[in-house]
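Trainee: Could we go through this one together, with me asking and you reasoning it out?
Mentor: Happy to; let's put it on the screen.

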Amino acid sequence: MAAAVLVAVAVGYGSSLRLERIADRPLLPTRFDHKFHKGVNCVTCHHNFVDRGLGPGGCYTCHKAWGTTELRRIDTVFHAFCTDCHRRLQAAGEKAGPVKSCAACHVERAARPEG
Amino acid sequence: MPRLTLPRAVDPAGALLVGALLAAVLSPPVVSYEPFWEIAAGAGYAACCAFVLAFRLAPVPRVAMTPFRFALHRAAGDAALALVATHVAVMVAVDPFVLDYLGWMMPLHVAAGLVGAAALLLAVVTREPAARRVLPRAASAGLHAWAGIAAGAFAALHVLMASSKFVGWGAYALTGSVFAAVVILAVGSLTLRMWPVAPRRGEPFGAARAELFYLLAVLGACTVLFVAVPSLVRWLRS
């Protein structure tokens, strides 16, 4: 019984500590070229202009501030946002962007291209 | 040069399960990864096939373990460990961003994979003669069995959460069923003394090198298929 309580406390503390670390962690930059996405409707990705009237602003900042559930899922959500579409296109037999490789999309923070 | 004989199907059910894994991963529509990730994924899926064969060839209570089955079980387990190590090594060598996941950002599928790999390492190491000499109580058959079962269960979680190749529910269901079958049968054999995989009539007592060669050749062929088919699809689409 005592061991179960200790495990529960440890998991709870670890979970809150993880959320703090995620909130403090900056976005890992990506190389993204709009010219490869000309066929995609702008609001498909920039959904903040139509969803709930969120208006302009950084995607990452908004998702981090949205709530603990969103914060916990932020890695999954942002990856799925891009890779799910790439995977659907591949499954349909079309050319698509990266599905798995981290380095295919991400760049080091110091090497982030300007603009 | 010794004359090669046709491989004997030691465990037809095991062969069927490996075939099911091949079908789950390679059935259309095929999603292909970037080149080196294809190699890493291929090694990972081949490790799953090695897991299945190791489970199917494992000793069970009340059934005498022949040197033949022991040799094949050990070869399958060692191959699984080598393939898991290759899977991780290729990813880390090619994609340094992967190491970012070793920390607070670690997703569930990575955690499951790490735990599964650690359990597999424990299962292999605890039956090595050196470990059994140094830690005779810790290096027990029971620890080996349960560590192996845990490795299989966590490997299943890792594959089902991590695989971007699976399109639609069919591949998920097939892969999950394969792992569930081997893990449940293993747990049942150990705890309830049910469903032992008994040696077949006419099965040799000792393992010839050819048998081990065929087992490893099957795993090698699986690796090649897992890498080559999606790579070919990617090349045709480009």
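Trainee: From the N terminus on, which pattern do the elements of chain A run in?
Mentor: Keep in mind that this is a predicted model. Chain A has five helices and zero strands. Every symbol in the pattern is therefore an α, since helices and strands are the DSSP runs being listed. From the N terminus on, the elements run α-α-α-α-α.

Trainee: And how many helices does the secondary structure of chain B come to?
Mentor: Reading along the sequence of chain B gives α-α-α-α-α-α-α-α. Strands come to zero there, and the helices come to eight.

Trainee: What percentage of the residues in chain B is buried?
Mentor: The cut-off to apply is under 20% relative accessible area. In chain A, which has 115 residues, 19% count as buried. Chain B has 238 residues, and its buried share is 43%.

Trainee: Among contacts in chain B between residues at least 6 apart in sequence, what share joins residues at least 24 apart?
Mentor: Let's take chain A as a warm-up: of its contacts with a separation of 6 or more, residues 24 or more positions apart account for 52%. For chain B, the corresponding share is 80%.

Trainee: Which helix gives the largest share of the largest nonpolar core?
Mentor: This core has 60 residues, and those with the most contacts inside it include Val18(B), Tyr45(B), Phe55(B) and Leu120(B). Several helices of chain B each supply at least two residues, among them H1 (12-26), H3 (67-94) and H8 (209-237). The largest share, 15 residues, comes from H2(B).

Trainee: Leaving aside neighbours within four places in sequence, which charged residue is Phe226(B) in contact with?
Mentor: Phe226(B) is among the residues with the most contacts inside the largest core. Its contacts include Leu21(B), Leu22(B), Val25(B), Tyr45(B) and Cys49(B). Asp, Glu, Lys and Arg count as charged, and the listed partner of that class is Glu38(B).

Trainee: Which residue forms a salt bridge with Glu38(B)?
Mentor: Glu38(B) is buried, and its partner is buried as well. The pair links distant parts of the chain, 127 residues apart: Glu38(B) sits in helix H2 of chain B, and the partner in the loop between H6 and H7. The closest N and O atoms are 2.4 Å apart, and the partner is Lys165(B).

Trainee: Which residues are linked with Arg74(B) in a network of salt bridges?
Mentor: Within helix H3 of chain B, Arg74(B) and Asp78(B) are four residues apart, about one turn of the helix, and their closest N and O atoms are 3.9 Å apart. Glu128(B) also bridges to Arg74(B), at 3.2 Å between the closest N and O atoms. Glu128(B) lies in the loop between H4 and helix H5 (129-134), so that pair ties together parts 54 residues apart in sequence. The residues linked with Arg74(B) are Asp78(B) and Glu128(B).

Trainee: Why does Arg74(B) count as partly exposed?
Mentor: Buried means under 20% relative accessible area and exposed means over 50%, so a value in between is partly exposed. Asp78(B) falls there at 33%, and Glu128(B) does at 27%. Arg74(B) counts as partly exposed because its relative accessible area is 34%.

Trainee: How many salt bridges does the rule find across the interface of chain B and chain A?
Mentor: Over all chains, the structure holds five salt bridges. Across the interface, the rule finds 12 residue pairs in polar contact. For salt bridges across the interface, the number is zero.

Trainee: Which three residues supply 37% of the area that chain B buries against chain A?
Mentor: In this interface, 24 residues of chain B are in contact with 24 residues of chain A. The area buried between the chains is about 2200 Å², with 61% from carbon and sulfur atoms. On the side of chain B there are 16 nonpolar, three polar and five charged residues. The three that supply 37% are Phe97(B), Trp104(B) and Met105(B).

Trainee: How many residues are in the other core, the one that has Met105(B) among them?
Mentor: This core lies apart from the largest one, and Leu19(A), Ile22(A) and Leu71(A) are also among its residues. Its residue count is six.

Note on methods
Residues are numbered from 1 along each chain as its sequence is written. Chains are lettered from A and ligands numbered from 1 in the order in which they are written. This is a predicted model: local features need pLDDT of at least 70, side-chain atom pairs count only at pLDDT 80 or more; totals for chains, interfaces and linings use all residues. Side-chain values use heavy atoms; hydrogens and water are left out. A nonpolar core is a set of buried Ala, Val, Leu, Ile, Met, Phe, Trp, Tyr and Cys residues joined through side-chain atoms within 4.5 Å. Buried means under 20% relative accessible area, exposed over 50%, partly exposed in between (1.4 Å probe, protein chains only). Contact means heavy atoms within 4.5 Å. Buried area is the accessible area (1.4 Å probe) that two parts lose on being put together, summed over both. A salt bridge is a side-chain nitrogen of Lys or Arg within 4 Å of a carboxyl oxygen of Asp or Glu. A polar contact is a pair of N or O atoms within 3.5 Å; within protein, one must be able to donate a hydrogen and the other to accept it, and residues adjacent in sequence count only if both atoms are side-chain atoms.
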